[in-house]
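Subject: Structure handover

Hi,

Here is the structure I promised to pass on. My notes follow below it.

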Amino acid sequence: MEKYEKMLESMIRQFQNKKIMFYGASLFLENFLKKHPIIKNVIGIIDKDSNKINKDFCGYKVFPPSYIETLKPDNVILTIVNNSQEIYLSLFDTIFSKHPEIEFSSITGKYSTNVKYYCPFCDKELYFFDFGKKTRPNVKCSVCGSLERHRFLYFIYKEIIKRNQNKHLTILHTAPEKCIYNFLKEQSNIEYTTIDINPEKYTFANNCLKMDILDLKFPPETFDYIFTNHVIEHIPDEFGFFRECFKVLKPNGKIILTAPYFEDLEKTLEDPAINTDEKRLKYYGQKDHVRKYGKDIFDRFKQYGNVTVIEKNYIPSDLRSKMNITEKENAIIISKQ
Ligand SMILES: [Zn+2]
């Protein structure tokens, strides 16, 4: 909860000259307001619970959601963590879409520009939150959490599903991302399997299997596709990764892979002397990465199979800007030789 308190503190600082309302007379907010009595520019609290409406909440009056239109705050800050996405969507449909002048923020994320972008997973224009160690403004869908690369992959996956609509497709997805998982599990023509070494992290996936990518326990030639994003840079045995993937892929099977790589690096950096968290963070950029891919990544993967690269212009530029995909994005297809 501490990180949400910090987020809320920073938002209050950021919006100190604006009229703010909090949405959600929650226990979190109660604790927060006990520590931060009297925030001058807060004009009230919104809650849909009729037992709370018109009552006092830590010195502020509670109003029903429709009062956002009456009281016209500059900014509504959602102070709820659980189900925040559903609440946001319903507020969006009922209020924010009619009143673009009212800004919206959430303790689960904030955005620097009050512009809406298109999320293909949500199939809606929504606010996108800022995200990243080096902050990228307006890139994370406030509802499903999709990032630029997920929205790019959406169209690749969709094309695969469409092209094979009369076939029964078997797909293995490693370390499944929530937005992609929710999209793929709804597709009627695919048999969808997800795995991870720590499946308990994936609370949204009720059937994620515990499995090591270096020891896949599926019968040979089970899958048409393996979708794997930002996994390989964590796997010390790159050869073993491809050996296992190709073992469980059907003869014409394909791996659709994304991984971070750096165009200013001629040759992939992988050195046994980089063997501590500290060194890995320094040289590879993350303490759980085991190498830093350079621009030789495509040539490097040619030793394992046939390589095709899908570049970002796979998606028309106007659609890319609608989705706020501004930096390089691509996906590597490696097929069995
Ligand atoms: Zn979304």
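Two domains are assigned in the protein chain: domain 1 covers 2-110 and domain 2 covers 149-335. Their C-alpha centres are 38 Å apart. Keep in mind that this is a predicted model.

**Overall**

The protein chain has 337 residues, and 33% of them count as buried. Its secondary structure comes to ten helices and 18 strands. The C-alpha trace spans about 70 × 50 × 40 Å along its principal axes. Take the contacts between residues at least 6 apart in sequence: 61% of these join residues at least 24 apart.

**The core**

The largest nonpolar core holds 70 residues. Within this core, Met21, Val76, Ile77 and Ile226 touch the most other members. Domain 1 and domain 2 each supply at least three residues to this core.

**The six-stranded sheet**

One open sheet has six strands in the order β3-β4-β2-β1-β5-β6. Its pairing is mixed. The edges are β3 (56-57) and β6 (103-106), each of which pairs on one side only. Strand β1 (residues 20-23) runs parallel to β5, with four bridges between them. In that pair, Met21 has Val76 of β5 as its bridge partner.

Ile77 has these contacts beyond its neighbours within four places in sequence: Leu8, Met11, Ile20, Phe22, Tyr23, Ser105, Ser106 and Ile107.

**Thr79**

Thr79 sits in the loop between β5 (75-78) and α4 (84-96). Is Thr79 buried or exposed? Thr79 is buried, because 26 other C-beta atoms lie within 10 Å and 20 are enough to count. Residues up to four places away in sequence aside, Thr79 touches Leu8, Phe22, Tyr23, Gly24, Ser26, Phe28, Leu29 and Ile107. For a long-range reference, take Glu270: 191 residues from Thr79 in sequence, and 44 Å from Thr79 in space, C-alpha to C-alpha.

**Helix α4**

After that loop comes α4. The buried residues of α4 are Tyr88, Leu91 and Phe96. Seen down the axis of α4, these buried residues fall within an arc of 65°, so they line one face of the helix. They pack against β5 and β6. Which exposed residues does the face turned away from the buried side of α4 carry? They are Glu86, Ser90 and Asp93.

One thing to check by eye is the span of α4. A straight helix of 13 residues would span 18 Å at 1.5 Å a residue. Between its end C-alpha atoms, α4 spans only 15 Å.

**The β7-β8 hairpin**

Strand β7 (residues 116-119) and strand β8 (residues 124-131) run antiparallel and are joined by four bridges. Tyr118 has Glu125 in β8 as its bridge partner. There are four residues between the strands of this hairpin. Look at Asp123 there: its phi is positive, near 50°.

**Helix α7**

Helix α7 takes in residues 238-248. Its buried residues are Phe241, Phe242, Glu244, Cys245 and Phe246. What do the buried residues of α7 pack against? Their partners are β13 (223-229) and β14 (249-258).

That is the full set of notes. Over to you.

Best wishes

How values were computed. Residues numbered from 1 in each chain as written. Predicted model: local features only at pLDDT ≥ 70, side-chain atom pairs only at ≥ 80, totals over all residues. Buried ≥ 20, exposed ≤ 12 C-beta atoms within 10 Å, placed from the backbone. Helix = DSSP H or I, 4+ residues; strand = E, 2+ residues; numbered from the N terminus. Contact = placed C-beta atoms within 7 Å. Domains from an automatic or database assignment. Core = buried A, V, L, I, M, F, W, Y, C linked by C-beta atoms within 7 Å. Pairing = 2+ DSSP bridges. Expected span 1.5 Å × (residues − 1). Arc of directions from axis to C-beta.
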